[in-house]
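Grab a pencil and open the structure viewer. Here are some short exercises, each with a worked solution.

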Amino acid sequence: SGQSDSMDVQTGPQIEDDRTGFSIETLRRAIADNLYYIQGKFPEIATQYDYYMALAYTVRDRILHRWINTVKTYREQDVKVVCYLSAEYLPGPHLGNNLVNLGIYPQVEQAVRASGLDLNALLAEEEEPGLGNGGLGRLAACYMDSLATLEIPAIGYGIRYEYGIFDQEIRDGWQVEITDKWLRLGNPWEIPRPENAVDVKFGGYTESYTDDQGHYRVRWVPHQVVKGVPYDTPISGYRVNTTNTLRLWKAEAPESFDFQAFNLGDYYGAVDTKITSENLTKVLYPNDEPIQGKQLRLEQQYFFVSCSLQNLLKIHLLREDPLETFADKFAIQLNDTHPAIGIAELMRLLVDEYLINWEIAWDITQEAFAFTNHTLLPEALETWSLELFGRLLPRHLEIIYEINQRFLDQVRLKYLGNTDKLAQLSLLDERRGKRIRMAHLACVGSHAINGVAALHTELLKTGVLRDFYELWPEKFSNKTNGVTPRRWMVLINPRLTQLISRNIGESWIKQLDDLRQLAPLANDPSFCHEWRQVKRAVKQDLADYIQTTQGLTINPDSIYDVQAKRFHEYKRQHLNVLHIVTLYNRIKHNPEIEMTPRTFIFGGKAAPGYRMAKLIIKLITAVGDAVNQDPDVCDRIKIVFMPDFNVTNSQRIYPAADLSEQISTAGKEASGTGNMKFSMNGALTIGTLDGANIEIREAVGAENFYLFGLTAQEVADLKASSYNPRAYYDSNAALREALDLISSGYFSHGDGSLFQPLVEGLLHHDPYLVLADYQSYIDCQDSVGQAFQDQETWTRTAILNVARIGKFSSDRAIREYCQDIWHVDPVHIKLEEYVQAKA
Ligand code: TH1
C-alpha cells in the first residue's frame, strides 16, 4: 500500500502480520487482500456479501491463530476435556460475536469504514446456522461460549444439518415454511476435516465367535455403512486466547461402498447409495418438544453419537493413554436423551472393538456420562419400539438387554419381591408394545442427572424420575440454566452496555454478579434519565425496523409487551390473545376509557405438523388485522407479528421490550431462557411460578416482578379434581365476551368455524388451564398498565432487575457443572508467536 502506516511513525519500522494484526490499517489491508484472494473479486464488482466474506476470513485468521494454540496446548498438557453431545446448536451469527470476544469491534468498525463500507450492513449479510429448534439448542451455544470464556477445554459434538430450522413467512396470516438453505453461499466459519472421517454401521445382524484366547466375543455384521465427515467451527472465549471446537458431522457414502457397486457395474446403484447416505444429515426435525419415533431421527442420533465417541477414543489412544483412564480425560454430557444411545455405543466400542471386559467398560461408561433432562412433558419423553431399534441397531439392543438385566438384578436385591418397582425402573416399557425408554438408559448409564431449574429438578425427583431418585438420590442435582451476557447484552445492546460500563466498569461482562453495583444508581435521577433515554432509543430502532419491514407504525412510548418463543399450547400465547381481546372489548364498550397504550409483539415458529399452534398464529394475525385498522383502538392497542423468530431477529427484540411474557402453565416450562434475556435488557416480567421464573423473581425481588396464576401444585390438584373450564366461561362475563367474539367470526370475515377448534378445545378440555388463569392474568396486566404510567418507578424497577440478574449468566451455570459433575479445571492458553514481523 502506498500510504505508510501512521503507527509506524511512532514505533519504528514494524509491520503487523496481515493474518494476526489488530491495527485498523492492518485490518483494512487484510480485508482488501481477502476480497482479492479468497472471494476472487475486485472492488468494482464486489457485492456486500463478498465484503462480508472478506471480513469473515479476516476475523477467522485471527481466531485460527488462537485455535491452533489451544489445540496444541490441550494435546501437550493431557488435560481433561468436556464433551457436550447435543443434537441441536443455535449459535447465531458468528461474526459480531467473534468481534466482541476478540475485543476488536471498534477497530474493525473503523477498518470497514476506511474501506467505504458499513459494518452493520456487512453483519446483516451473515446467514445464521439454524441447527436447532429453540431453547435447548441455544442453551448448548451459550454453554460453548461460557466454556471457552472460562478457559475450560471443551468440544461440542453435533450434526451438520444441510437444512436447519425452516424460515417462517406469514401469508394471509398463516405460517408458511420455507426450507433453510443456509450453506448456499458458503460458510467461512467451518473447516472440513475429511482426513478425520469415521465409519458408522447400520442394520444387519450379530454373530458370536471365540477369539484366539478362547474368549466369547460378538461381531456386528452391518447391512450398511455411512461415513461421518467432521466440520469444525472455532468457538472463541471473551478476551481470552482459549478457542474451543464445535465439531459437527456430515453423513456421506463411504468410498469403499461406491467402488463395490462400481465393480459390479451398478453405476446408478452406487450413486443411489450416496444419496441415501447423505439423506441422514439433510434436515433438522422441526419439533421443539414432542419428537415422533421416526427411523431417520434414530439414525441421526446414532450417527452423530457414534462418530463422536469413535473420535474421542481415537484422541485418547493417540495420547497413548490406557483405556481404563478414559473417564479421567473426558466428561461426556448428554443434552437431553437425544444422544443417550451413546451409553450403549461406548459399551459396544469398549467391549466389542477394544475387547475390554464388561464390568470395567461399565465403570468407565458410568463415570464418563452425565445426563441433563430438559422437559417433563410426557409426549417429549423419548422411547423407541424394539422392532425399529433392533432392525437398525441389533448389537445395541443386545447390549441394552444386558445392561437392563444387570440393573434389574440390583433392583431386585433392594426391593425384594416388588415387581411393580422392576416394571417402573426397567429400560423396557412392557406396555404399549414394548419400547425402550431412553431416559431410563440415560439415568442408569450416568453418574449425574440434573434438571434445568429448581422447580423442574424437584418435579423430576417426585415425578417422571422418582424411582431413580429413590434408588440413587446422590446422582441428582439442579443446574439452573443461564445465558451468555456477551451475546445477550454486549453484542445486541451496545447502548445499554456503554451506559452500564461507564458507571461501573467492564468487570460485569465476565462476572455478571458485579451488576449489583447498579443498584444504588436506581436512586440516581440522572442515571435513571439516561437509562430511559437508552430504552427509548432502542425502542425507536425496533419501531423503525417494523416500519420498513412491515409498513406498520408503532408508538415507541407505548408498552412493548413481548411474547417471543416457540408456539406451543403450554406456553399459552392464546392467553395473551384473550387479554388483548378483553382490552379491545373494553374500548368498544367505552371508547373514552383510559388505557396505557400497548404494542403487543409476538414472534415464534410452530412445528409444521402442529395444527393448534398454527391456528394460534392465525388468531394473532387475525386479531391484529382487526385491531390495527380500527381507528377507535389503534392509538391504544397495536399488534405486531414479527415473522421468522430466530437468533438474528431475536437480537432486535430483547433489547426493546418493556414487558416479558413468561406465562406457561406452572409445571410445564422446564426452565425457559428467553425470560433471562429479556430481564438482562431491562424488561419487567409478567409470569407464572414456572421454571426459572421462580428463581428470577427471587433474585429481582417479588415487588419487582408481576406474578399471576396457579402454582404447579394447584395445577396438579385442579386437574386431579376434574377441572371444568366451562364453569369459568359461565361465571366470567369478560372472558365469555372475549371467547364469543372469537367464535363469532368477528376476526375471520364472518367465518365462525375457523377458530372453533381453539375455542371448543378451551371450553371442553383446556389441558393447560388457560381459563383457570384468565382472571388472575387480566388483573395482573391491569396493574402493569397502571405501573407503566409512573415512568420513574418503572425505570427504577427495570434497573433493579438488571442489577440482580447476575445469577442467570451461563458462566455461573458452567462453573456449577465443572465443579459438581465434570470435575474439570481451567487451562490457560498462551499465544506462541507464529509469524515474525517482516521488515
Ligand atoms: C427446552 C425447554 O422447553 C425449556 O424450558 C428449556 O429452557 C430449554 O429446553 C433449555 O433447557 C426444551 N427443548 C426441547 C427440544 C426437544 C426435546 C425436548 C426439549 S426441552 C427436541
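**Exercise 1.** Work out how far apart the C-alpha centres of domain 2 and domain 3 lie.

*Solution.* Keep in mind that this is a predicted model. Start with the bounds: domain 2 covers 79-90 + 129-478, and domain 3 covers 505-710 + 769-805. Now take the C-alpha centre of each one; the two centres lie 37 Å apart.

**Exercise 2.** Describe the side of domain 2 that touches domain 3.

*Solution.* Begin by counting: 33 residues of domain 2 are in contact with 31 residues of domain 3. Next, look for elements that supply at least two residues of that side of domain 2: you'll find helix 7 (135-149), strand 3 (167-171), strand 4 (174-178) and helix 18 (454-462). Finally, sort the residues on this side of domain 2 by character, which gives 14 nonpolar, 13 polar and six charged.

**Exercise 3.** Decide how helix 12 is oriented relative to helix 13: parallel, antiparallel, perpendicular or oblique?

*Solution.* Helix 12 spans residues 342-353 and helix 13 spans residues 358-368. Their axes come within 9 Å and cross at roughly 140 degrees. Angles over 145 would count as roughly antiparallel, so helix 12 is oblique to helix 13. As for handedness, the crossing of these two helices is right-handed.

**Exercise 4.** Find out which residues of helix 12 and helix 13 meet, and what character they have.

*Solution.* From helix 12, pick out Ile-343, Leu-346, Met-347, Leu-350 and Val-351. Across from them, helix 13 brings Trp-358, Ala-361, Trp-362, Ile-364, Thr-365 and Ala-368. Sort the residues of this contact and you get 10 nonpolar, one polar and no charged.

Note on methods. Residues are numbered from 1 along each chain as its sequence is written. This is a predicted model: local features need pLDDT of at least 70, side-chain atom pairs count only at pLDDT 80 or more; totals for chains, interfaces and linings use all residues. Domain bounds come from an automatic or database domain assignment. Two residues are in contact if their C-beta atoms, placed from the backbone, lie within 7 Å. Helices (H or I, at least four residues) and strands (E, at least two) are DSSP runs, numbered from the N terminus. Ala, Val, Leu, Ile, Met, Phe, Trp, Tyr, Cys and Pro count as nonpolar, Asp, Glu, Lys and Arg as charged, and the others, Gly among them, as polar. Axes are lines fitted to C-alpha atoms, for helices over the stretch in contact, and angles run from 0 to 180 degrees between N-to-C directions. Angles under 35 degrees count as roughly parallel, over 145 as roughly antiparallel, 65 to 115 as roughly perpendicular and the rest as oblique. A crossing is left-handed if the near helix is turned anticlockwise from the far one by less than a right angle, and right-handed if clockwise.
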